[in-house]
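Hi,

Here is the structure I said I would pass on. Have a look at it first, and my notes on what turned up follow below.

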Amino acid sequence: MTRLSHLTLRNFLIALHDLLATTAALFVAFYLRFEGGDGFYDRLPLLIQILPYFLAFSVVVFFVFNLTTTKWRFISLPDALNIIRVATVLTVALLVLDYIFVAPNVRGAFFLGKVTIILYWFLEVSFLSASRMAYRYFRYTRVRRHARTDDAAPTLLIGRAADAEVLLRGIESGAIKRIWPVGVLSPSSSDRGQFIRNVPVLGGIDDVEDVIADFAKRNKPIARIVMTPSAFEPEAHPESVLMRARKLGVIVNRMPSLESGDTPRLTAVAVEDLLLRPSETIDYARLEALIRGKAVIVTGGGGSIGSEICERVVAFGAARLLIVENSEPALYAVTEALAGTTAAIEGRIADIRDRERIMRLMAEFKPDIVFHAAALKHVPILERDWSEGVKTNIFGSINVADAALAAGAEAMVMISTDKAIEPVSMLGLTKRFAEMYCQALDHDLAAAGHGTKPPMRLISVRFGNVLASNGSVVPKFKAQIEAGGPVTVTHPDMVRYFMTIREACDLVITAATHALGTQRSDVSVYVLNMGQPVKIVDLAERMIRLSGLQPGYDIEIVFTGMRPGERLHEILFASEEPTREIGVAGIMAAQPNEPPMQTLRKWIAALEQAIARDDRATIRTILKDAVPEFGSTAA
């Protein structure tokens, strides 16, 4: 009934067209078969008698195989296959009609005959296809004409044929405007010398300078290069392409991966694109099943990770979203960015340290899922201001967890950090303590769980640095290069893990789907697969080269020394933490020690007293007792 209720006048006109095409195919097949004598006119009365029933059946077949609901503008191979299926079903129906019903019961002989039925099949396919293909060609030529005339920049596409084909379809459909493809450069030797949607593959990626020079000689200068996802694979040497393009004065854009759910639009190329490891395959249907129709709260929703989580839960169909943020400008920015979406968005100024305020907000909103991204995260700052880190990262997290439980939420997901593993900084230490509280509360709820409603889940998700986030080295290096240098790196051997904000947030939500799965997993600490670590000095050199400059000549790299709380190599699992696979790509389960809630309550009470006195020594002693591995791997 849902499909029928969405039918429009256009769909009825398409059905009318297909009925006329079917009628014409049947009559033409009949005429071609029996035109040599009186056979055609003798059979005509019975054919007219049968026709209404056959057409009524045809309408049902058209609808079942989506012929009436497919836009002609985008007709493609699957639609052609549907036309063949429709013609085949109707041909079989004629065969059954002739051989089982009409021949033995009406005429005593075959009415249509095999030749007529075979002719009908070919004519039905032709008549149903002709108008559709003609309309598709008309729209195709019109879009191409507009694309070529409306200030379209002659463009060279770089990447494998499959990626280029997606981009060319986007141009033909009008989704991508103001570029005109003149050629493709592919890393695959099998693509070379071929045509992709009437655009020639002119060579390999290393031929970029020669191809651009050749077009310039012919007074057809290439103004833009578009790099598809396959152009950013390491073997394609994307840095080399970018450097050559900049020297030649050609604008470079990229097309995002369609696996991420992005539409085929063009964006600027950034250094982040060159750091990307192959992304994990995300099951978006699984994420949508978790979020659709739910009420969601995101604390710290104005930050880099928090705002991305807000965007993703709205994209996955959340019914209501409450954004909790203590920065007024950040709250305004994220609510404005999400304005106009289908979800009911509400933003509230609140500090997670204010227990009464957080309890009241959650009780009023009644969330299904809480994503806790609010935290103080800058390592050197927290090394100086210990008590602030304890107040926000520990007591703030306790407030959010307790408020989520009191409000009847299904789950609370805390954003943690790889620095919580054998921590050497106050950031890692406070986050590890917050993890332990969530672990203990999750354990107690599972042990006490009874009745029909499953207990609330509390999980923590650890990951490393996200590209282009607030405080990341990437925007810092960009600013330093634009200022003429120097670029400052703390240590020549400093190594970090990186991933995109989008992938990190999608995997965080994926971890929540695992925790809330039908098996009700006992995992409470998840770790994202961060891929291969990146050497920070290599990152700095790469960014300098991408700016068309030479490291050490145009821009100096200065080593400033390690800062308090830093270590050279981040780790993803502690030596005392067993790990296990959970069957979800990109995510592992950590099994750290779990002090009981009774012990944690004693530490929390002692911390409150020490915070009130600003007694740093006692704070350190309590946290060291709670996390014995603190400082064990200090670099």
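Let me start with the charged pairs: D18 and R132 form a salt bridge through their side chains, with N and O 2.9 Å apart. This one ties together distant parts of the chain, since D18 sits in helix α2 (residues 9–34) and R132 in helix α5 (residues 114–149), 114 residues apart. Both D18 and R132 are buried. Bear in mind that this is a predicted model.

The total comes to 18 salt bridges. Another of them joins R432 to E435, again with 2.9 Å between the closest N and O atoms. Here the partners share helix α16 (residues 426–448) and are 3 residues apart, about one turn of the helix. R432 counts as buried because its relative accessible area is 0%, under the 20% cut-off. E435 is buried too, also at 0%.

Then there is D615 with R613, whose side chains meet at 3.4 Å, N to O. D615 comes out as partly exposed because its relative accessibility is 22%, which falls between the 20% and 50% limits. Salt bridges with shared partners also link E308, E311 and R502 into one network.

On the backbone side, take a look at strands β9 (residues 320–325) and β10 (residues 344–349): they run parallel and are joined by 6 bridges. One residue to click on is E325, whose bridge partner in β10 is I349. Together with helix α12 (residues 328–337), β9 and β10 make up a right-handed β-α-β unit.

Cheers

Key:
Residues are numbered from 1 along each chain as its sequence is written. This is a predicted model: local features need pLDDT of at least 70, side-chain atom pairs count only at pLDDT 80 or more; totals for chains, interfaces and linings use all residues. Side-chain values use heavy atoms; hydrogens and water are left out. Two strands pair if DSSP finds at least two bridges between them. Helices (H or I, at least four residues) and strands (E, at least two) are DSSP runs, numbered from the N terminus. A crossover is right-handed if, with the strands pointing away from the viewer, the path from the first strand over the helix to the second runs clockwise. A salt bridge is a side-chain nitrogen of Lys or Arg within 4 Å of a carboxyl oxygen of Asp or Glu. Buried means under 20% relative accessible area, exposed over 50%, partly exposed in between (1.4 Å probe, protein chains only).
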